[in-house]
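Here are some notes for a colleague who works at the bench, set out as numbered points to be read beside the structure.

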Amino acid sequence: EEKENTRKEIEQQMAEFEGLEQKVAYMRDVQGITLPEIAADLGYSYIWIKKISSKTRKQYAKSILTS
């Protein structure tokens with residue numbers, strides 16, 4: 001039950017992201033794809049995908065702490 005609640009919370013937070021942020025978060029957290037693989041799949045540099053990933057993780061953490 002706790003896993004299901006966590007999954008729903010992550011999906012709700014992902015819905016707030018748009019475009020590339022959403023794709024990166026989904027691929028990373030749901031599909032379990034590594035950042036280098038995401039960069040290659042989406043045609044972006046690893047550095048850029050790493051920045052996007054960091055941004056989404058910070059937003060997750062902030063929203064969880066303020067909940």
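Which residues does I49 touch, not counting residues up to four places away in sequence?

1. Leaving aside neighbours up to four places away in sequence, I49 touches L20, V24, L35, I38, A39, L42 and Y44. Please keep in mind, here and below, that this is a predicted model.

2. I49 also belongs to the largest nonpolar core, a set of nine residues in which it is joined by L20, V24, M27, I33, L35, I38, A39 and I52. The elements that each contribute two or more residues to this core are α2, α3, which spans 35-42, and α4.

3. Within α3, the buried residues are L35, I38 and A39, and they sit on the same side of the helix because they cover an arc of only 100 degrees around its axis. This fits a general point about helices: an α-helix has 3.6 residues a turn, so residues three or four places apart point the same way. On the other side of α3, A40 and D41 are exposed, and the helix is followed by G43, whose phi is positive, near 80 degrees.

4. S53, a residue of helix α4, deserves a separate remark. Its relative accessible area is 3%, which is under 20%, and S53 therefore counts as buried. Apart from residues up to four places away in sequence, S53 touches V24, R28 and L35; V24 and L35 are both among the residues of the largest nonpolar core.

5. The structure holds two salt bridges. In one of them, the side chains of K55 and E21 meet with a distance of 2.7 Å from N to O, and the pair links distant parts of the chain, since K55 lies in helix α4 (residues 46-65) and E21 in helix α2 (residues 19-29), 34 residues apart. The two partners are not equally accessible: K55 is partly exposed, at a relative accessible area of 41%, whereas E21, at 15%, counts as buried.

6. The other salt bridge is formed by R28 and D29, whose closest N and O atoms are 2.8 Å apart. Here R28 is buried, with a relative accessible area of 9%, while D29, at 30% relative accessibility, counts as partly exposed. R28 is also one of the residues that S53 touches, which brings this point back to the buried serine of helix α4 discussed above. As general background, side chains of opposite charge can pair when their charged atoms come close.

Note on methods:
Residues are numbered from 1 along each chain as its sequence is written. This is a predicted model: local features need pLDDT of at least 70, side-chain atom pairs count only at pLDDT 80 or more; totals for chains, interfaces and linings use all residues. Side-chain values use heavy atoms; hydrogens and water are left out. A salt bridge is a side-chain nitrogen of Lys or Arg within 4 Å of a carboxyl oxygen of Asp or Glu. Helices (H or I, at least four residues) and strands (E, at least two) are DSSP runs, numbered from the N terminus. Buried means under 20% relative accessible area, exposed over 50%, partly exposed in between (1.4 Å probe, protein chains only). A nonpolar core is a set of buried Ala, Val, Leu, Ile, Met, Phe, Trp, Tyr and Cys residues joined through side-chain atoms within 4.5 Å. Contact means heavy atoms within 4.5 Å. The arc is that of the directions from the helix axis to the C-beta atoms.
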